Every structure is written in structure tokens, then in C-alpha cells.
Amino acid sequence: ISIYISLIDIGFSYSYLLVSVPGLIIWSFNVSGLLDGLRSSGLTGLTIPIPYFVSAIALLFAEHLSYVEAGIVLGAAYLLGIVITVVVQWIILKKLGFPLCYIRPKKALVYKMTKEGAIYLAAFLPGQVLLRIQILFSNLILGIEASGVFIYGKQIINMVNQMVAFVRRVE
């Protein structure tokens, strides 16, 4: 979808990506898996939506901005949400008394984790491709405004699905 939006308006996409992409590096330091392993998945669940919540608040202020300004504001909001999430997770981990230390990775372990990670990510590929195709057709057929409503509807449905999955996992 980002490529499609870039074809429509280079200003928003470029400015959003320029500001928000550093968040991917910061996100690599999240400790969700450790918190889940320490039976604190409820706390993980509370921290994960922070970037989306901060972005939703910023969206209220970005309505009348230019595309470039909106991209900067929303990208910065997402980045801020990621920083808040990672910091809160590390604080929770420290309060739980879990010490972290550096372990030099071995070549065999890196290979094994890369293979497992690729298999895990491949499981999400069909759903991600389908969503991108749905958004593309929505933009082409319904227009940008109706596509925005479609995306919000999909997000609400996904939120409910995640809540149901979380409740089932807790049981």
C-alpha cells in the first residue's frame, strides 16, 4: 500500500517513512517475548497498542495539515509510541526482577533463529498480501475517503480478533 500511496502523493509517504522508520530499530529492543515468558502477557498486551494510540491522537491534530506536515506529525507520533512502549516494557521487566545480560551469538544459533523467524513470518504473508490487495481495490473502486473507513473497520475487526485470541490464550 505504501508504494501505491507513494504514486499518489510522494510528500506524505516520504515524510512519514523518514520520521517513523527509526522506530523499527528501536522496536527490535522490545521485550514482549520475555514478558510473556514471565507470565506477564497481560502487561505485554497493554503496551503493544501504545504506538497506535499515540498515532490516533496525532491524527486528530493532523487533519488540516499539508501532506508533508501530516506525514511528519504521524510518523513522529508512531515513533514516540514505539519509544514509550519499549521503555515501559523495560521498566516492567526490571520491576519483575529479570536481569538481562549480553550473550555473544554463535553462528549455529543465528542460523537456527533466522530459519525459525523466516518460517514464522511466512505464516503471516498470505494475510498481509490479501489485506494489501483489498486496500488497493478499495482505493481504486471506492476512493480514498471510503478506503479510510474500510481500513478503520478492518482495524476494529482485527482488534476484536486479537482480544478474543488473547482471552482464549489466557484460559
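**Figure 1. The surface and overall build of the protein.** About 12,700 Å² of this protein is exposed, and carbon and sulfur atoms supply 73% of that area. Keep in mind that you're looking at a predicted model. The C-alpha atoms fill a box of roughly 50 × 35 × 30 Å along the principal axes. What's inside the box? Nine helices and zero strands, so to speak a plain α-α-α-α-α-α-α-α-α pattern when you read along the sequence. Of the 171 residues, 22% count as buried. Now look at the contacts with a separation of 6 or more: residues 24 or more positions apart account for 71% of them.

**Figure 2. The largest nonpolar core.** Here you're zooming in on seven residues: I50, V54, A58, A62, A70, L74 and A77. Two helices, α6 (50-61) and α7 (67-95), are the elements that give two or more residues to this core. In soluble globular proteins, nonpolar side chains tend to be buried together. Pick out A70, one of the core residues, and check what it touches. Leaving aside neighbours within four places in sequence, A70 is in contact with F12, A62 and L65. A62 is itself on the list of core residues.

**Figure 3. A close look at T85.** This threonine sits in helix α7. Is T85 buried or exposed? T85 has a relative accessible area of 0%, so it counts as buried, the cut-off being under 20%. Which residues does T85 touch, not counting those up to four places away in sequence? They are W27, T47, I50 and P51. You've met I50 already, as a member of the largest nonpolar core.

**Figure 4. A nonpolar patch on the surface.** Eight names to find in this view: I25, F29, L34, L38, W90, L96, F98 and L100. Together they make a nonpolar surface patch of about 720 Å². Take F98 as an example: you'll find it in the loop between α7 and α8 (107-142). F98 has a relative accessible area of 31%, so it's partly exposed.

**Figure 5. A stacked aromatic pair, F12 and Y16.** The structure holds three aromatic pairs, and this is one of them. A pair of aromatic rings is described by the distance of the centres and the angle of the planes. For F12 and Y16, the ring centres are 5.8 Å apart and the planes are at 20°, so the pair is stacked. Why does that angle count as stacked? Because the planes are under 30 degrees apart. Both residues lie in helix α2 (residues 10-20), four residues apart, which is about one turn of the helix. F12 is partly exposed, with a relative accessible area of 22%, and Y16 is partly exposed too, at 23%. F12 also turns up in Figure 2, as a contact of A70.

**Figure 6. An edge-to-face aromatic pair, Y120 and F124.** Over in helix α8, Y120 and F124 lie four residues apart, about one turn of the helix. Their rings are 5.2 Å apart, centre to centre, with 75° between the planes, and the pair is edge-to-face. How open are the two residues? Y120 has 53% relative accessibility, so it counts as exposed, while F124, at 44%, counts as partly exposed. The line between the two labels is drawn at 50%: exposed means over that value.

Definitions and conventions:
Residues are numbered from 1 along each chain as its sequence is written. This is a predicted model: local features need pLDDT of at least 70, side-chain atom pairs count only at pLDDT 80 or more; totals for chains, interfaces and linings use all residues. Side-chain values use heavy atoms; hydrogens and water are left out. A nonpolar core is a set of buried Ala, Val, Leu, Ile, Met, Phe, Trp, Tyr and Cys residues joined through side-chain atoms within 4.5 Å. Buried means under 20% relative accessible area, exposed over 50%, partly exposed in between (1.4 Å probe, protein chains only). Contact means heavy atoms within 4.5 Å. Patches are made of residues with over 30% relative accessible area and no salt bridge: like charges are joined within 9 Å, nonpolar side chains (Val, Leu, Ile, Met, Phe, Trp, Tyr) within 5 Å. Accessible areas come from the Shrake-Rupley method with a 1.4 Å probe; for residues, only the protein chains shown count as cover. A salt bridge is a side-chain nitrogen of Lys or Arg within 4 Å of a carboxyl oxygen of Asp or Glu. Rings of Phe, Tyr and Trp (its six-membered ring) pair if their centres lie within 6.5 Å; planes under 30 degrees apart count as stacked, over 60 as edge-to-face and the rest as tilted.
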